[in-house]
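The following exercises are to be worked through with the sequence and the model at hand. Each task is followed by a solution in steps.

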Amino acid sequence: MKILWSLFFLLLALASMGQPRFDAQVLDSQVEIGYGLAIGDVDGDKKPDILLADKKQFVWYRNGDWKRFVLVENLTGSDNVCIAARDIDGDGRVEIAVGAQWNPGETSDTTKSGSVHYLIRPTDPTTLWLPVELHHEPTVHRMRWIQVAGGRFQLIVLPLHGRGNKDGKGKGVKVFAYEKPRDPRQPWKLQLIDSTMHLTHNMDIVPDGNRERVFIGGKEGVKVFDFGSGRWAPSTKNPWPIQGDSFGEVRIAIGKKDESFVAGIQPMHGTMLAVYDASMKKKIIAEGFGQGHALAIGSITTPATIQLVAGWREPDTNGQVGIKLFVADNTTYREWTAHWIDQNGMACEDLQVADVNGDGKKDIIAAGRSTHNLKIYWNRN
């Protein structure tokens with residue numbers, strides 16, 4: 001009998017080996033849409049807070065008690081859509097920019113589509129912040145702070161369409177970089193990064209020495225831009241690492257020469273997750289998503305390799321919504337194993353990975369559209 005019990009526990013242990021462990025905690029069960037997430041220290045207590053672009057409110061959740069505070073609400077007539085948060089002045093607290101007036105069907109009229117605002121911090125960050133309106137193009141969709149030369153930061157704003165663009169045809173998307181003046185109420189310096197791409201859905205920011213590069217995913221593929229000599233330009237190394245494949249979400253893994261790769265959900269609001277190795281050879285590692293809309297990358301379960309987290313917001317081919325973690329078998333990143341993080345409890349609109357509780361492990365934070373929720377999946381690996 002002892003032998004049988006020992007065998008049972010051995011088999012149980014073997015079955016659990018390699019299965020990532022995450023504990024889900026619901027922070028908010030009344031999210032309206034949960035368009036976009038950002039992570040950063042809002043109140044200066046040296047703990048990362050969670051920021052959310054919801055339908056009519058931009059809010060943040062305080063690390064620890066996870067109390068919800070409104071930054072600004074009813075900013076425009078249409079929905080909010082994106083948020084960017086990063087400490088750009090070194091004071092230990094994030095600066096926040098937001099995008100709203102979400103109206104993707106209107107690509108020409110700037111009064112009816114798109115907005116960009118910088119939020120001026122009040123003395124008490126738990127009270128309402130003051131929005132300052134900046135230049136915008138129609139269909140503003142994503143934004144990120146990026147570090148450029150000399151320790152300066154800029155805000156990159158990515159619309160979905162170009163002006164007058166219909167069904168991905170017409171003028172290219174105008175991607176602008178904004179540089180914050182000392183007084184944010186004064187005019188911001190603008191620089192056009194690019195206007196050649198169409199249906200640009202998302203981007204990734206990648207370190208490059210003392211500055212960062214931006215990878216933009218869209219209808220035509222993935223295009224890379226560098227900041228040098230005071231201006232933005234297509235990368236001189238390889239401006240189009242991928243052409244001809246449409247991207248919705250894009251994330252970049254930088255490692256040794258043969259360990260770097262590009263990951264993407266394809267096409268926009270797509271059904272599959274693909275990885276391109278260092279030679280840009282494509283491998284599809286998952287198919288059947290229902291509107292894949294969220295992708296994150298990082299060393300989450302093991303420090304030696306990089307994992308992917310993907311979420312989708314509509315039922316997949318099996319009628320399920322959720323989030324999956326994809327773990328590579330080794331550093332060649334040729335073979336991947338999928339693991340459920342949330343099965344049918346998260347119609348994922350956006351997600352981030354970050355060490356939220358300071359234990360040295362990256363957790364997963366996700367917002368659900370039709371499930372109307374915000375969750376942390378605590379990393380127990």
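**Exercise 1.** In this predicted model, determine which residues Thr-305 touches, leaving aside those up to four places away in sequence.

*Solution.* Step 1: locate the residue. Thr-305 is found in the loop between strand S23 (290-298) and strand S24 (307-314). Step 2: list the contacts, counting heavy atoms within 4.5 Å. Thr-305 touches Ser-299, Asn-330, Thr-331 and Tyr-333. Step 3: classify the exposure. The relative accessible area of Thr-305 is 10%; because buried means under 20%, Thr-305 is buried.

**Exercise 2.** Establish how many disulfides the model contains, and explain the state of Cys-348.

*Solution.* Step 1: recall the chemistry. A disulfide is a covalent bond between the sulfur atoms of two cysteines. Step 2: apply the cut-off, which is 2.5 Å between the sulfur atoms. The count comes to 0 disulfides. Cys-82 is in no disulfide, and the nearest cysteine sulfur, that of Cys-348, is 17 Å away. Step 3: give the reason for Cys-348. Its closest cysteine sulfur lies in Cys-82, and because the separation is 17 Å, it is too far for a bond. Step 4: check accessibility. Cys-82 is buried at 3% relative accessibility, and Cys-348 is buried at 0%.

**Exercise 3.** Describe the largest nonpolar core and the contacts of Met-143.

*Solution.* Step 1: state the general expectation. In soluble globular proteins, nonpolar side chains tend to be buried together. Step 2: identify the core. The largest one has 24 residues, and those with the most contacts inside it include Val-116, Met-143, Trp-145 and Tyr-178. Step 3: trace its sources. Among the strands that each supply at least two residues are strand S6 (82-86), strand S8 (115-120) and strand S10 (140-147). Step 4: inspect Met-143. Sequence neighbours up to four places away aside, Met-143 touches Cys-82, Val-116, Leu-155 and Met-203, among others. Step 5: look beyond this core. Another core, of 21 residues, lies apart from it and includes Phe-289, Ile-297, Ala-310 and Ala-328.

**Exercise 4.** Work out the order of the open sheet that contains S10, and state which strands stand at its edges.

*Solution.* Step 1: the order is S10-S11-S12-S13, with antiparallel pairing. Step 2: S10 and strand S13 (189-194) stand at the edges; each has a single partner strand, so one side of each is left without a neighbour in the sheet. Step 3: neighbouring strands of this sheet are turned by 25° against each other on average, direction ignored. Step 4: S10 and S11 are joined by 7 bridges, and Arg-142 stands opposite Leu-158 in S11.

**Exercise 5.** Analyse the salt bridges formed by Asp-194 and by Glu-349.

*Solution.* Step 1: the model has 17 salt bridges. Step 2: the side chains of Asp-194 and Lys-223 meet at 3.2 Å, N to O. Because Asp-194 lies in strand S13 and Lys-223 in strand S16 (residues 221-228), the pair ties together parts that are 29 residues apart in sequence. Both Asp-194 and Lys-223 are buried. Step 3: Glu-349 and Arg-313 form a salt bridge of 3.0 Å, N to O. Glu-349 is in strand S27 and Arg-313 in strand S24, so this pair ties together parts that are 36 residues apart in sequence. Both Glu-349 and Arg-313 are buried. Step 4: salt bridges with shared partners join Arg-313, Glu-349 and Arg-369 into one network.

Conventions
Residues are numbered from 1 along each chain as its sequence is written. This is a predicted model: local features need pLDDT of at least 70, side-chain atom pairs count only at pLDDT 80 or more; totals for chains, interfaces and linings use all residues. Side-chain values use heavy atoms; hydrogens and water are left out. Helices (H or I, at least four residues) and strands (E, at least two) are DSSP runs, numbered from the N terminus. Buried means under 20% relative accessible area, exposed over 50%, partly exposed in between (1.4 Å probe, protein chains only). A nonpolar core is a set of buried Ala, Val, Leu, Ile, Met, Phe, Trp, Tyr and Cys residues joined through side-chain atoms within 4.5 Å. Two strands pair if DSSP finds at least two bridges between them. Axes are lines fitted to C-alpha atoms, for helices over the stretch in contact, and angles run from 0 to 180 degrees between N-to-C directions. A salt bridge is a side-chain nitrogen of Lys or Arg within 4 Å of a carboxyl oxygen of Asp or Glu.
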